[in-house]
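Thanks for coming. I will take this one from the core outwards, and end with the pocket.

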Amino acid sequence: MQSHPVKSNPFRWLRAVADLPASREAKAILYALAIHANGHGECYPGEATLCRESGTDNERTLRRWLRRLETKGWLRTEQNKRPVKIGARTHYLNVYQ
């Protein structure tokens, strides 16, 4: 019987980031994403959370870095794919992989 990937290798995504030839700013953002990643490498933290956890100055700077990471092929973003109900309203979150 095969175990769930998250249980068998919880630090998989953190190790993957450590091996990248990236700047410290890029790694800080990728580490922040990695700590939220599930076994398939997907996560959906908010921009405010990513700014706080990566030490990025503001959300505009964060979005610029996310675009750079996508250009390098280190990140894939699906805009507004994850529905989340907050009260009576449904919000759609970005999914990062």
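By a nonpolar core I mean a set of buried Ala, Val, Leu, Ile, Met, Phe, Trp, Tyr and Cys residues joined through side-chain atoms within 4.5 Å. Buried here is under 20% relative accessible area. Please keep in mind that this is a predicted model.

First, the layout. The chain has 5 helices and 2 strands, and along the sequence they run α-α-α-α-α-β-β. Of the 97 residues, 27% are buried. If you take the contacts between residues at least 6 apart in sequence, 41% of them join residues at least 24 apart.

Now the core. The largest nonpolar core has 16 residues, and Ile29, Leu33, Leu66 and Tyr96 are the ones that touch the most other members. Two or more residues come from each of H3, H4 and H5, with H3 giving the most, 6 residues. As a general remark, nonpolar side chains in soluble globular proteins tend to be buried together.

Which residues of H3 are buried? They are Ala26, Lys27, Ile29, Leu30, Ala32, Leu33 and Ala34. You will notice a lysine in that list, Lys27. The cover over the buried residues of H3 includes H2, H4, H5 and S2.

Tyr96 has a long contact list. Setting aside residues up to four places away in sequence, Tyr96 touches Leu33, Gly41, Glu42, Cys43, Tyr44, Pro45, Glu47, Leu50, Leu66, Leu75, Arg76 and Thr77. Two of the core residues I named a moment ago, Leu33 and Leu66, are among them.

On to H4, residues 47–54, where Leu50, Cys51 and Ser54 are buried. Why do I put these three on the same side of H4? Because the arc they cover around the axis is only 100°. The buried residues of H4 pack against H3, against H5 at 59–71 and against strand S2 at 89–96. Just after H4 comes Gly55, with a positive phi of about 80°.

Staying with S2, that strand also holds Asn94. Is Asn94 buried or exposed? It counts as buried, because its relative accessible area is 15% and the cut-off is under 20%. Not counting residues up to four places away in sequence, Asn94 touches Cys43, Tyr44, Thr77, Glu78, Gln79 and Asn80. Cys43, Tyr44 and Thr77 also appear in the list for Tyr96.

Next, the loop between H2 and H3, which contains Leu20. Leu20 is classed as partly exposed because its relative accessible area is 21%, and buried would need under 20%. Beyond its neighbours within four places in sequence, Leu20 is in contact with Lys27, Leu30 and Trp74. Trp74 is 54 residues away from Leu20 along the chain, and their C-alpha atoms are separated by 8.8 Å.

Last, the pocket. The largest one has a volume of about 220 Å³. Helix H2 at 12–18 and helix H3 at 24–34 are the elements that give two or more residues to its lining. In total 14 residues line the largest pocket, and those nearest its centre are Trp13, Val17, Leu30, Trp74 and Gln97. Leu30 and Trp74 are also contacts of Leu20. What classes of residue make up the lining? There are 12 nonpolar and 2 polar residues, and no charged ones.

That is all I have; questions are welcome.

Definitions and conventions:
Residues numbered from 1 in each chain as written. Predicted model: local features only at pLDDT ≥ 70, side-chain atom pairs only at ≥ 80, totals over all residues. Heavy atoms only, no water. 1 Å grid on protein atoms, 1.4 Å probe; cavity = no way out; pocket = protein on both sides within 12 Å on 5 of 7 lines; lining within 4 Å. Points joined across faces, edges and corners; volume = space filled by probe spheres on them. Helix = DSSP H or I, 4+ residues; strand = E, 2+ residues; numbered from the N terminus. Nonpolar A, V, L, I, M, F, W, Y, C, P; charged D, E, K, R; others polar. Buried < 20%, exposed > 50% of the residue type's maximum accessible area, 1.4 Å probe, protein only. Contact = heavy atoms within 4.5 Å. Arc of directions from axis to C-beta.
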